[in-house]
Amino acid sequence: MIEGGLPFPPPCILGHEAAGIVEGVGDGVTDFAPGDHVIGCLNSWCGMYKFCTQGRPYLCPTQFVGRREGSRPRLTDANGVPLSQFANLSSFAENILCPERSLVKIRDDMPLDCASLIGCGVTTGLGAALNTVKIPAGASVVIVGCGGVGLAALQGARIVGAGSIIAVDVKRWKFGLARDLGASDCVDATDGDPFAAVREITSGGADFVFECVGLVPTVQQAIAMTGRGGTTVLVGVVPVTA
Ligand SMILES: NC(=O)c1ccc[n+]([C@@H]2O[C@H](COP(=O)([O-])OP(=O)(O)OC[C@H]3O[C@@H](n4cnc5c(N)ncnc54)[C@H](O)[C@@H]3O)[C@@H](O)[C@H]2O)c1
């Protein structure tokens, strides 16, 4: 967003990984009450579209905002000029006014700082490994990019019983945590050709490669690292112009 790769109309308040406690609810709200602990859900869903009723609300195309026509904007500056609300949340603010369908209830004993990560990074990575593809036990898996999303995908691969998990990153200090979470091999992408290193470890290419960086060269590497009959999963968000 800062670099313009994913444009969003300014002036705006960013932030989309939120967790907190409901302070108050509007007239039509039936699913939440003050005191509920919640996670922000960055894809608001309408509840009526086929994807919503089929249990895949994250695919809802409506961009549901839950605001009556003619209502005041949720966010304004001191002069009353509307501010864009990122993902219907703007979680870098201390308080959020959002549609009820932007929230998911959680248990009260979940620490909110950890819970917030479920709002995007953890769900994205874990979901890619658990839901987007079906990784058979024993499969070889490569994770390109060991940030928040990649490490969540790595944990998903471990949970489903991948045989080998190769973590690729340009920062070596990421590898300690990657190993703790289940990586069997680590490849420093700044140290020679990561493609060649992965092909050697996997004897020709991996069964599943998750691209979790969001750059064109790493997307190309991920495809090249994928072995015959394998699957490349593109999780990273490349700039819209790429
Ligand atoms: N598909 C979705 O719904 C979704 C959701 C959330 C995030 N994302 C995208 O996933 C990507 C990762 O997000 P994140 O929060 O984990 O970011 P992050 O910055 O925490 O992690 C990125 C990692 O990639 C590594 N990296 C950078 N260049 C590399 C290279 N050339 N080779 C190997 N590793 C390299 C970095 O060192 C870092 O560890 C971003 O593109 C983000 O926009 C997608």
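This is a short talk through one protein model, from its overall layout to its helix packing, cores, cysteines and two loop residues.

Okay, so before anything else: what you have in front of you is a predicted model. There are 242 residues, and 38% of them count as buried. Seven helices and 10 strands make up the secondary structure. If you take the C-alpha trace along its principal axes, you get a span of about 60 × 35 × 35 Å. And on contact order, if you like that sort of thing: take contacts between residues at least 6 apart in sequence, and 57% of those join residues at least 24 apart.

Let's go to helix H3, residues 121-132, and its neighbour H4, residues 148-159. How do these two pack? The angle is about 40°, the axes sit 7 Å apart, and the crossing is right-handed. On the H3 side, the contact uses Gly121, Val122, Thr124, Gly125, Leu126, Ala129 and Leu130. On the H4 side, the residues include Gly148, Val149, Ala152, Ala153, Gly156 and Ile159. By class that contact comes to nine nonpolar, six polar and no charged residues.

Staying with H3, which of its residues are buried? Those are Gly121, Gly125, Gly127, Ala128 and Ala129. They don't just face H4, either: the buried residues of H3 pack against H2, H4, S9 and strand S10, which is 226-234.

Now the cores. The largest nonpolar core has 25 residues, and the ones with the most contacts inside it are Ile135, Val141, Ile143, Leu154, Ala167, Phe208 and Phe210. Elements giving two or more residues are H3, S6 (140-144), H4, S7 (164-169), H5 (175-181) and S9 (206-211). H4 gives the most, with four.

Have a look at Phe210 while you're there. Leaving out residues up to four places away in sequence, Phe210 touches Ala128 and Ala129, then Val133 and Ile135, then Val141 through Val144, and finally Val233 and Val235. There's also a second, separate core of 10 residues, with Ile166, Val198, Val209 and Ala222 among them.

Cysteines next. How many disulfides are there? The count comes to zero. Take Cys52: the nearest cysteine sulfur belongs to Cys60, at 3.7 Å. The cut-off for a disulfide is 2.5 Å, so a pair at that distance doesn't make the list. Cys52 is buried, by the way, because its relative accessible area is 11% and the limit is under 20%. For Cys98, the nearest cysteine sulfur is that of Cys41, 9.8 Å away, and Cys98 is in no disulfide.

Last bit: two aspartates in loops. Asp191 lies between strand S8 (185-188) and helix H6 (194-201). Is Asp191 buried or exposed? Exposed, because its relative accessible area is 57%, and exposed means over 50%. Asp191 and Leu103 are 88 residues apart along the chain, with 43 Å between their C-alpha atoms.

Then there's Asp108, in the loop between strand S5 (103-106) and helix H2 (112-118). Asp108 counts as exposed too, at 54% relative accessibility. Here the pair to look at is Asp108 and Ile21: 87 residues apart in sequence, but 9.2 Å apart in space, C-alpha to C-alpha.

That's what I had, so let's open it up for discussion.

Notes:
Residues numbered from 1 in each chain as written. Predicted model: local features only at pLDDT ≥ 70, side-chain atom pairs only at ≥ 80, totals over all residues. Heavy atoms only, no water. Buried < 20%, exposed > 50% of the residue type's maximum accessible area, 1.4 Å probe, protein only. Axes fitted to C-alpha atoms, helices over the stretch in contact; angles between N-to-C directions. Left-handed = near helix turned anticlockwise from the far one by under 90°. Contact = heavy atoms within 4.5 Å. Nonpolar A, V, L, I, M, F, W, Y, C, P; charged D, E, K, R; others polar. Core = buried A, V, L, I, M, F, W, Y, C linked by side-chain atoms within 4.5 Å.
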